[in-house]
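Here is a short briefing to read alongside the model. Keep the viewer open and follow the topics in turn.

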Amino acid sequence: MAVRPIILAPDPMLKTRARPVRAVDDGVRGLMDDMVETMRANNGIGLAAPQLGVLDRVVVVECAPRGTGSQPLRMANPELVAVSPERVVSEEGCLSLPGHVGEVERARAVTVRYIDETGTKRSLDAEGLEAICVQHELDHLDGILFVDHLSPLRRNMILKKMVKARRERARTGAA
């Protein structure tokens, strides 16, 4: 397992639709392992493959506190099959937009169908934070960032700050 660099907005890779994986093989399992390691190293609760520069439909989610014995969800080709009509608004952030948050409205509960790391087809009913995180990560697979759910003014403010921070990192030689 390895911690990989996370792509930061407004990189065009983050706006690109990911392609389905053909099979969950050793390469996909290795990617999932790296994603979990990278997510944890950056104190995240979810990560999508495009955030690492890999345009595969793969996400990992870990909403339970670390050390509780729970294992992260590793999902290939996830798709929402049911969405509750009840909506919730919560503050979201993103590892690709560090330091920025916004209020996003999403479904309170979802059902997602996916293939796990063993190649087994599974279904998950998620509520609350887990449902929000699943929706956020699946958005990444379609080139949608949480800022795309914000007002144009708020979105543009955040993206301009990201561009300014990128320029500053380039100027100072920071990673």
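How many residues does helix α2 have, and how far does it reach from its first C-alpha to its last? Helix α2, residues 128-141, has 14 residues and reaches 21 Å, close to the 20 Å expected at 1.5 Å a residue. Please bear in mind that this is a predicted model. The points below start with the whole chain and then visit two helices, one strand residue and a few backbone details.

**The chain as a whole**
- Three helices and seven strands make up the secondary structure elements of the chain.
- Read from the N terminus, their order is α-β-β-β-β-β-β-β-α-α.
- The radius of gyration is 16 Å, which agrees with the value near 16 Å that a compact globule of 175 residues would have.
- If you are setting up a box, the C-alpha trace spans about 45 × 40 × 35 Å along its principal axes.
- Of the 175 residues, 45% count as buried.
- Taking contacts between residues at least 6 apart in sequence, 65% join residues that are at least 24 apart.

**Surface and charge**
- About 9100 Å² of the chain is exposed, and carbon and sulfur atoms supply 52% of that area.
- The chain carries 25 positive and 24 negative charges, and the mean positions of the two sets lie 7 Å apart.

**Helix α1**
- Helix α1 covers residues 26-41, which makes 16 residues.
- From first to last C-alpha, α1 reaches 22 Å, close to the 22 Å expected at 1.5 Å a residue.
- Its buried residues are V28, L31, M32, D34, M35, V36, T38 and M39.
- These buried residues pack against four strands: β1 (46-48), β2 (58-61), β3 (73-83) and β6 (109-115).

**Helix α2**
- Eleven of the 14 residues of α2 are buried, so this helix is largely enclosed by the rest of the structure.
- The buried set runs through A131, I132, C133, V134, Q135, H136, E137, L138, D139, H140 and L141.
- Charged residue types appear in that buried set, including E137 and D139.
- Just after α2, G143 takes a positive phi of about 75 degrees.

**M75 in strand β3**
- M75 belongs to strand β3, and its relative accessible area is 0%, so it counts as buried.
- Leaving aside residues up to four places away in sequence, M75 touches M32, R57, V58, V59, V61, V112, Y114, I115 and V134.
- Among these partners, M32 is one of the buried residues of α1, while V134 is one of the buried residues of α2.
- V24 lies 51 residues from M75 along the chain, and the C-alpha atoms of the two are separated by 9.6 Å.

**Backbone details to check**
- The peptide bond from A9 to P10 is cis, with omega near 10 degrees; P10 sits in the segment before α1.
- N43 has a phi near 55 degrees, a positive value in a residue other than glycine.
- N43 is placed in the loop between α1 and β1, and with a relative accessible area of 66% it is exposed.
- N77 is not a glycine either, yet its phi is positive at about 50 degrees.
- Is N77 buried or exposed? N77, in strand β3, is buried, because its relative accessible area of 19% falls under the 20% cut-off.

How values were computed:
Residues are numbered from 1 along each chain as its sequence is written. This is a predicted model: local features need pLDDT of at least 70, side-chain atom pairs count only at pLDDT 80 or more; totals for chains, interfaces and linings use all residues. Side-chain values use heavy atoms; hydrogens and water are left out. Helices (H or I, at least four residues) and strands (E, at least two) are DSSP runs, numbered from the N terminus. The radius of gyration is taken over C-alpha atoms; the globule rule is 2.2 Å times the number of residues to the power 0.38. Buried means under 20% relative accessible area, exposed over 50%, partly exposed in between (1.4 Å probe, protein chains only). Contact means heavy atoms within 4.5 Å. Accessible areas come from the Shrake-Rupley method with a 1.4 Å probe; for residues, only the protein chains shown count as cover. The place of a charge is taken as NZ of Lys, CZ of Arg, CG of Asp or CD of Glu. The expected span of a helix is 1.5 Å times one less than its number of residues.
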